[in-house]
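Dear colleague,

I am handing over the structure we spoke about, and below it you will find my notes on what turned up when I went through it. Please read them with the structure open beside you.

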Amino acid sequence: MTCQETGEVVEDGSTTILLNTHGKNPQEISPGLLQFLEYVKDPEAPLEAAGDNRFINDLENCVTAVKQDRNWEVRYMQFREMLRDEHEEGRLEGETNATLDNIRRLMKNLQWTSEQAMDALGLSENEQQKYRGMV
């Protein structure tokens with residue numbers, strides 16, 4: 001199967017459905033799905049629109065229970081911290097890879113030494129020491 005949005009071939013048997021809470025054609029979806037999207041867009045908004053939508057009411061009850069459960073709050077905060085750490089780790093890895101690519105390009109294209117390339121990129125002595133073993 002090919003993703004219509006990215007053109008990427010996906011062959012893992014999964015099905016992906018993208019829901020847009022800012023869609024412009026509410027008449028093209030079921031009232032229940034529209035109510036769900038409105039809830040996801042703004043879970044703090046009053047639930048009058050949910051009416052008798054049992055799924056949204058049950059979801060709201062679960063969300064409220066989780067928010068009031070101290071154990072869930074601690075687990076959520078730990079999870080957020082873990083995600084923040086992983087995000088920072090990924091950002092640093094991407095920055096390192098980009099710098100390495102730039103050093104290697106300068107060395108290849110301009111026939112520079114690694115020191116010349118790192119100087120041209122304005123890397124500090126500590127940064128240069130880090131990259132010397134990687135180039």
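Gln111 sits in the loop between H3 and helix H4, the latter covering residues 114-120, and in this predicted model its phi is positive, at about 60°, although Gln111 is not a glycine. With a relative accessible area of 64%, Gln111 is exposed, because exposed residues are those over 50%.

Helix H3 itself spans residues 70-110, and Asn97 is found in it. Asn97 has a relative accessibility of 39% and therefore counts as partly exposed. Between Asn97 and Met134 there are 9.9 Å from C-alpha to C-alpha, with the two residues 37 apart in sequence.

Further along the chain, Gln128 has its place in helix H5, which is made up of residues 125-132. The relative accessibility of Gln128 is 4%, so that this residue counts as buried, the cut-off for buried being under 20%. Leaving aside residues up to four places away in sequence, Gln128 touches Met118, Asp119 and Leu123.

The other part of my notes concerns the two helices H1 and H2. The angle at which H1 and H2 pack is about 25°, and their axes are 10 Å apart. That angle makes H1 roughly parallel to H2, because angles under 35 degrees count as roughly parallel. The crossing of the pair H1 and H2 is right-handed. On the H1 side, the contact is made by Gly32, Gln35, Phe36 and Tyr39, while H2 contributes Phe55, Ile56, Leu59, Glu60 and Val63. Sorted by character, the residues of this contact of H1 with H2 comprise six nonpolar, two polar and one charged.

What does the loop between these two helices add to the picture? Asn53 is found there, in the loop between helix H1 (31-41) and helix H2 (54-68), and with a relative accessibility of 12% Asn53 counts as buried. Not counting residues up to four places away in sequence, Asn53 touches Gly32 and Gln35, both of which are also listed among the H1 residues in the contact with H2. With Gln35 there is, in addition, a polar contact from side chain to side chain, at 2.7 Å.

Finally, a word on the segment before H1, where Val10 lies. Val10 has a relative accessibility of 26%, and therefore counts as partly exposed. The C-alpha atom of Val10 is separated by 33 Å from that of Val63, a residue 53 positions apart from Val10 along the chain; Val63 is one of the H2 residues that take part in the contact with H1.

With best regards

How values were computed:
Residues are numbered from 1 along each chain as its sequence is written. This is a predicted model: local features need pLDDT of at least 70, side-chain atom pairs count only at pLDDT 80 or more; totals for chains, interfaces and linings use all residues. Side-chain values use heavy atoms; hydrogens and water are left out. Helices (H or I, at least four residues) and strands (E, at least two) are DSSP runs, numbered from the N terminus. Buried means under 20% relative accessible area, exposed over 50%, partly exposed in between (1.4 Å probe, protein chains only). A polar contact is a pair of N or O atoms within 3.5 Å; within protein, one must be able to donate a hydrogen and the other to accept it, and residues adjacent in sequence count only if both atoms are side-chain atoms. Contact means heavy atoms within 4.5 Å. Axes are lines fitted to C-alpha atoms, for helices over the stretch in contact, and angles run from 0 to 180 degrees between N-to-C directions. Angles under 35 degrees count as roughly parallel, over 145 as roughly antiparallel, 65 to 115 as roughly perpendicular and the rest as oblique. A crossing is left-handed if the near helix is turned anticlockwise from the far one by less than a right angle, and right-handed if clockwise. Ala, Val, Leu, Ile, Met, Phe, Trp, Tyr, Cys and Pro count as nonpolar, Asp, Glu, Lys and Arg as charged, and the others, Gly among them, as polar.
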